[in-house]
Amino acid sequence: MMNLALKRRVTELGPWFQNMRLGEIETAPDHFLGDYPAFKWERFKHVVPEDLGGRSVLDIGCNAGFYALEMKRRNAGRVLGIDSDARYLEQARFAAAHFGLDVEFKQMSVYQVPALGEAFDLVLFMGVLYHLRHPLLALDLLYQHVVTDLMLFQCLQRGDERTALPEENYDFSEWAVFDKPDFPRLFFVEERYANDPTNWFIPNKAAVEAMLRSSGFLVEANPEREVYLCRRGRRPYMVEPPPI
């Protein structure tokens with residue numbers, strides 16, 4: 001495809017949230033975060049094996065497919081990207097075809113992952129949690145149905161960045177702990193944050209790590225401020241499997 005035709009098609013598929021470099025063409029060169037998500041990927045790509053050795057990968061909320069394509073470049077076997085937005089999936093299929101990479105894309109939400117009927121060696125759950133009305137349900141569904149080993153996780157964070165392991169129990173008369181800056185907190189956005197009506201819950205760092213632990217995921221690395229490499233562990237005794 002000649003550059004003019006490529007540029008025309010990129011424009012037709014826009015607007016793009018992920019900046020993909022298709023030859024000399026960039027899909028979102030004026031992104032408010034810069035060269036996103038490439039600049040973030042540079043900060044944590046070392047925690048993903050350079051050779052995935054044919055392992056299966058699921059990219060949830062894949063957007064235009066940036067991370068799914070990177071996994072395929074690292075010799076992953078089956079790579080599936082899912083997103084609830086049909087326009088993003090059209091962009092992803094176009095980008096995969098441009099690079100000649102065999103990646104499958106499906107329109108579905110994270111709440112529908114049980115319908116896949118399969119689990120994956122590596123699950124990417126990047127930039128999705130704070131867009132969900134039911135974030136813990138989503139994590140429970142991933143644990144129950146699709147994560148067999150590793151999960152690469154990223155979530156927008158606001159508030160204090162200190163963390164502390166909680167005590168096993170707090171007395172009903174305890175109030176002060178809720179005012180501590182390192183206590184897990186979810187900030188609820190009733191209307192919009194960053195002009196986005198789907199930004200519902202924004203956790204502080206302590207809450208991110210607590211929610212992961214509560215859902216049965218062990219944090220193995222925190223290579224970038226908002227990014228975690230997690231391994232599937234044991235679900236806490238008080239957490240029931242999701243009803244789906």
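Surface patch and backbone geometry in a predicted model

User: In this predicted model, which residues make the nonpolar surface patch of about 320 Å²?
Analyst: The patch is nonpolar and lies on the surface, with an area of about 320 Å². Its members are Phe17, Phe32 and Leu33.

User: Is Leu33 buried, partly exposed or exposed?
Analyst: Leu33, one of the residues of the nonpolar patch, is found in the loop between β2 (25-26) and α2 (38-44). Its relative accessibility is 40%, and the class in between the cut-offs of 20% and 50% is the one called partly exposed. Leu33 therefore counts as partly exposed.

User: Where is Pro37, and what is the omega of the peptide bond from Tyr36 to Pro37?
Analyst: Most peptide bonds are trans. The bond from Tyr36 to Pro37 is cis, and Pro37 lies in the loop between β2 and α2. The omega of this bond is near 5 degrees.

User: Which loop holds Pro15?
Analyst: The peptide bond from Gly14 to Pro15 is cis, with omega near 0 degrees. Pro15 has its place in the loop between α1 (3-13) and β1 (21-22).

User: Is Asn63 buried or exposed?
Analyst: Asn63 lies in the loop between β3 (57-60) and α3 (66-73), and its phi is positive, near 55 degrees, although the residue is not a glycine. Because its relative accessibility is 9%, which is under the 20% cut-off, Asn63 counts as buried.

User: What is the relative accessible area of Asn75?
Analyst: Asn75, in the loop between α3 and β4 (79-83), has a positive phi of about 70 degrees without being a glycine. Asn75 is partly exposed, and its relative accessible area is 42%.

How values were computed: Residues are numbered from 1 along each chain as its sequence is written. This is a predicted model: local features need pLDDT of at least 70, side-chain atom pairs count only at pLDDT 80 or more; totals for chains, interfaces and linings use all residues. Side-chain values use heavy atoms; hydrogens and water are left out. Patches are made of residues with over 30% relative accessible area and no salt bridge: like charges are joined within 9 Å, nonpolar side chains (Val, Leu, Ile, Met, Phe, Trp, Tyr) within 5 Å. Accessible areas come from the Shrake-Rupley method with a 1.4 Å probe; for residues, only the protein chains shown count as cover. A salt bridge is a side-chain nitrogen of Lys or Arg within 4 Å of a carboxyl oxygen of Asp or Glu. Helices (H or I, at least four residues) and strands (E, at least two) are DSSP runs, numbered from the N terminus. Buried means under 20% relative accessible area, exposed over 50%, partly exposed in between (1.4 Å probe, protein chains only).
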